[in-house]
There are 2 protein chains.
Amino acid sequence: MVREPLGEEAAAELSRMFKALADPIRLRLLSLIASHEGGEACVCDLIGPFDVSQPTISHHLKVLREAGLVGSERRGTWVYYWVLPEALAKLSALLEIPAASAKALA
Amino acid sequence: MVREPLGEEAAAELSRMFKALADPIRLRLLSLIASHEGGEACVCDLIGPFDVSQPTISHHLKVLREAGLVGSERRGTWVYYWVLPEALAKLSALLEIPAASAKALA
DNA sequence: GACTTGTTTCGATGTTTGTCGATACAGTCG
DNA sequence: CGACTGTATCGACAAACATCGAAACAAGTC
């Protein structure tokens, strides 16, 4: 982010991922999934903690899935979700601003 | 994010910051500012690269400012913007998922 | 003070997003 | 097969957002 001025296409793709994170419910969902034992959680684990309806949770999970932040799979009756660490790592790396480029140290 | 299931208030605050990043123009603005020499840039430097009107750029800068991602100051005729590294570092740290919590390694 | 340039705010408009209830689909168990 | 549980999709609606042009504001110059 500091070295390259970030081309239009790259910015468009990254903004899609950040957009998926730009909702408190989706952030909490992601956190619930990541902190769940085994690194995965079924939808039934994810509905209780929220005040919104089940279809709404399902919608948010779809947004996370289409953004490439989580994977999912049906196993029998339940659908399980897990975090895709590479995607988060990509965003995390982007936001690491070398101290040398901060204004105060320039 | 992995250890704590991320409380409602924390999620709300973080989602506000991610929302500011959830737009390709704002990502490119941030990148332009961060990569500009001296770590800061005046608005006049930030208009050229985009196809949108100048008020729209000003609006996006306001969003970044209110999200606490950049600081700004008027110096004579021009207004300068710079990145606030602590804010980005906070988000970056949040997205660092320890490998141990990935599904495959659980 | 009047003019000019750089920047922000305002009001309006079309689009996107979050949410819901109703419904459809998938799998399990009698 | 039929009933039941878990999950996803659909259609609708209200709220939020990106964008623009016009207008206001700020600082410098004549």
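Here is a walk through this predicted model, from its overall symmetry down to a few charged side chains.

Let's start with how the two chains sit relative to each other. Two copies of a chain are related by a rotation about an axis and a shift along it. Here, chain A lands on chain B after a rotation of 180° with 0.0 Å of shift along the axis, and the RMSD of that superposition is 0.1 Å. That is the relation of a two-fold axis. The same surface serves both copies, with 100% of the contact residues of chain A recurring in chain B. If you want to find the axis on screen, look for Ser92(A): of the residues of chain A, its C-alpha comes closest to the axis, at 2.2 Å.

Now zoom in on a hairpin in chain A. Strand β2 (residues 70-75) and strand β3 (residues 78-83) of chain A pair in the antiparallel sense, over six bridges. To get your bearings, Gly71(A) stands opposite Trp82(A) in β3(A). Two residues lie between the strands of this hairpin, and Gly76(A) takes a positive phi near 70°.

Strand β2 of chain A also carries Arg75(A), a good way into the salt bridges. Side chains of opposite charge can pair when their charged atoms come close. The structure holds six salt bridges over all chains. In one of them, Arg75(A) meets Glu40(A), with the closest N and O atoms 2.5 Å apart. That pair ties together distant parts of the chain, as Glu40(A) is in strand β1 (residues 40-42) and the two partners are 35 residues apart. Glu40(A) is buried, at 16% relative accessibility, while Arg75(A) is partly exposed at 32%. Arg75(A) also forms a salt bridge with Glu73(A), at 2.7 Å from N to O, and Glu73(A) is partly exposed as well, at 35%. Over in chain B, Arg75(B) and Glu73(B) form a salt bridge, also with 2.7 Å between the closest N and O atoms. Back in chain A, shared partners join Glu40(A), Glu73(A) and Arg75(A) into one network.

Not every charged residue is paired up like this, and Arg28(B) is the case to look at. Arg28(B) sits in helix α2 (residues 24-35) of chain B. Why does Arg28(B), though buried, have no salt bridge? The nearest side chain of opposite charge, Glu8(A), is 4.2 Å away, and a salt bridge needs the nitrogen and the carboxyl oxygen within 4 Å. The side chain of Arg28(B) does reach the backbone oxygen of Pro49(B), at 3.4 Å. Its contacts include residues of both chains, among them Pro5(A), Leu6(A), Glu8(A) and Phe50(B).

Technical notes
Residues are numbered from 1 along each chain as its sequence is written. Chains are lettered from A and ligands numbered from 1 in the order in which they are written. This is a predicted model: local features need pLDDT of at least 70, side-chain atom pairs count only at pLDDT 80 or more; totals for chains, interfaces and linings use all residues. Side-chain values use heavy atoms; hydrogens and water are left out. Helices (H or I, at least four residues) and strands (E, at least two) are DSSP runs, numbered from the N terminus. Buried means under 20% relative accessible area, exposed over 50%, partly exposed in between (1.4 Å probe, protein chains only). Lys and Arg count as positive and Asp and Glu as negative; His and the chain ends are not counted. A polar contact is a pair of N or O atoms within 3.5 Å; within protein, one must be able to donate a hydrogen and the other to accept it, and residues adjacent in sequence count only if both atoms are side-chain atoms. Contact means heavy atoms within 4.5 Å. Two strands pair if DSSP finds at least two bridges between them. Copies are superposed by least squares on the C-alpha atoms of residues with pLDDT of at least 70 in both. Lists of a residue's contacts leave out its neighbours within four places in sequence.
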